[in-house]
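Trainee: Could you take a close look at one part of this model with me, the aromatic rings and what surrounds them? I would like the reasoning spelled out as you go.

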Amino acid sequence: MKPPDTRTRPAADRTRHRPAGAPPPGEPRRVAYLYVLPALLVYAAFLLWPLLHGAYLSLFRWDGLTVGTWAGLGNYTQAFSDPHLRGTFGHAAVLVFFYAVLPCCIAFLLVAVMSRSRPRGLTLFRTVLFLPQVVAMVAVAVAWQWIYSEHGPINGTLRLLGLGGLARGWLGDFTWALPSVGLIGTWAEIGLAMVLFLAGVQKIPRELYEAARVDGAGAVREFFAVTLPGLRRELSVALTLTIIAALRNFDLIYLTTGGGPGDATRVPAYEVYNRTFNTGEVGLACAIGIIIAVVVFAVTAGVGRLVEGRP
Amino acid sequence: MTPATSRAERATTYAVLIVFAVIAVFPLLAVASQALGLPHPSAAAFTGAWRKGHFARYLTNSLIVVTAVVVAASVLSILAGYALGTMEFRGATLLFYVFLAGLMVPTEAIVVPLYFDLRSAGLDNTLPGLMLPQIAQSVSFGVFWMRAYFRSAPRSLIEASRIDGASSWTTLWRVLLPVGRPAILTMVVLIAMWTWNEFLLALVIMNSNEDLRTAPLGLSIFQGQHQTEYQMLMAAALIVAAPVVLVYVFLQRHFIAGMLSGAVKE
């Protein structure tokens, strides 16, 4: 199994193959429990317990103040049947396109184009391309809110090009708010995808490309015969990370649009907060949180299998 | 070297890299030039934001939270990762998967129950209340990361130390950790970055205590108060983002390798 993971995907620790006859790694030791215990206690109290507590709360109708009433799976059926909430899942799907599909496709095609050269200064390019990943999302959101604003750089550029008629407050526009937020995601994630693919493509043996050329393969065949198979793992990692980023974008939505205008940019991650602190539907908020967790789990387990064709 | 890459391919490659590098930094440069009030540079927006946004206090709070989370999470992760990576005991695999599962739990799934739990424990609007959940989240990554390191550490090192009569404790701190500095540094910078940038938990847990706001939370409040004073807002955004970006510039290898290594090392 691939290490499932939301934030990063550290080196999977392949099982070390012990030489035959060697003793098992580390003799059985009771002291091991003492080493694990402190971490386990904090982890259980502040991560596992809230998760279970959230799953429990999701079975109640509760306003956070008075006594809750049992709802069974009522909050879950509401999450999928209420048109407003269904809409938020639709928005999440649109954002997955902007955060994951678009950046991965663009980055993949571009890296495929450059697959045969080994550019110099790659470290510098990597550092710059990856930069959006380390900037606090809060700062990114504040910055883009200005960039998209009435008199921000985007409208300024449009006016300069004589396209002033297109200028608008992008984040306040019913049609454009969601794609505008989505493009912030595209901007943030495209570098991640490029860095991943660049690292992958450097490892494809050059001989494969040379062999393909000797066989008279054109650029297209070379892409499908050499580049695509060589980058499958990177593609699956990039898709997993970016899809999860698209689902966990509370910061960006809260700070750029607050779900508006109307509910044009409401997403599940935002509703978790909104339903708890604004409308007093705590059980429903917990149910949405659990749904997000389940989707994240499914994406982590599923994308790798689909893209890499693993069992 | 066989068929050299053609000039055209090389040129295309650089063109693509340069275009996307520009796209990546353009918003940041635009923000910086707005904050500096170009073309008439002045630091007024920075000093104004610093004072009106109380950023001295909020940056200090963030620094305290990051330090505590990094230290606590690192120690706990090293201890647990050491046991899970080098010792054989009943339930080790299960424990590992339990920690691993935490990596998949989004903050959105725990923030609401956490809010009510911390409130009834009297920990909302306190620094420990903000630190402990982040230590728990970091431990789930840290255990995973350190276990991988300890498994890859040469067994001979551990065996030799044991033959010398060293206890498992001495072996860990005297033998394995000095060798594992790069792995630990990667873990530390990642946990520090995630903690510094965390917003949702700070927003929910520090809901009324203004004195304990972290830098990102302070920025969001500042944005609410100065909606269209963009020059000052951009300065504030830079102030909040700068510490992580500075560390990133020097340790970018650790950031990138840590965040992507599953694919990079394969």
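Mentor: Happy to, and let's begin with Trp176(A), keeping in mind that the model is predicted. Trp176(A) has a relative accessible area of 38%, so it counts as partly exposed, a class that lies between under 20% for buried and over 50% for exposed. Its partner Trp170(A) comes out at 12%, and because that is under 20%, Trp170(A) is buried. The ring centres of Trp170(A) and Trp176(A) lie 5.5 Å apart, and their planes meet at 85 degrees; an angle over 60 degrees makes a pair edge-to-face, so that is the label here. Trp170(A) has another neighbour too: Arg168(A) lies over the face of its ring, 5.2 Å from the ring centre.

Chain B offers a charge over a ring as well. There, Arg147(B) sits over the face of Phe96(B), at 3.6 Å from the ring centre.

Now for the wider picture of ring pairs. Over all chains, the structure holds 34 aromatic pairs. One of them joins Tyr43(A) and Phe99(B), with ring centres 5.0 Å apart and planes at 40 degrees; that angle falls between the limits of 30 and 60 degrees, so the pair is tilted. This pair crosses between chains: Tyr43(A) belongs to helix H1 (residues 31-57) of chain A, while Phe99(B) belongs to helix H4 (residues 92-102) of chain B. Tyr43(A) and Phe99(B) are both buried.

Ring pairs also build a cluster that draws on both chains. From chain A, the cluster takes Trp62(A), Phe250(A), Tyr254(A), Tyr270(A), Tyr273(A) and Phe277(A); from chain B, Tyr115(B), Phe116(B) and Phe199(B) are linked in.

With rings pairing across the chains, the contact itself deserves a look. Chain A brings 109 residues to it, and chain B brings 109 residues. About 10,100 Å² is buried between the two chains, with carbon and sulfur atoms giving 71% of that area. On the chain B side, Glu88(B), Met104(B) and Glu108(B) supply 7% of the area buried against chain A, more than any other three residues.

Glu108(B) has a further part to play: its side chain meets that of Arg248(A) in a salt bridge, 3.5 Å from N to O. The count of salt bridges between chain B and chain A is one, alongside 16 residue pairs in polar contact, both residues at pLDDT 80 or more. As for helices, helix H12 (residues 230-264) of chain B gives the largest share of the side of chain B that touches chain A, with 19 residues.

How values were computed: Residues numbered from 1 in each chain as written. Chains lettered and ligands numbered in written order. Predicted model: local features only at pLDDT ≥ 70, side-chain atom pairs only at ≥ 80, totals over all residues. Heavy atoms only, no water. Phe/Tyr/Trp six-rings, centres within 6.5 Å; stacked < 30°, edge-to-face > 60°. Helix = DSSP H or I, 4+ residues; strand = E, 2+ residues; numbered from the N terminus. Buried < 20%, exposed > 50% of the residue type's maximum accessible area, 1.4 Å probe, protein only. Lys NZ or Arg CZ within 6 Å of the ring centre and 35° of its normal. Contact = heavy atoms within 4.5 Å. Buried area = accessible area lost by both parts, 1.4 Å probe. Salt bridge = Lys/Arg side-chain N within 4 Å of Asp/Glu carboxyl O. Polar contact = N/O pair within 3.5 Å; in protein donor to acceptor, adjacent residues only side chain to side chain.
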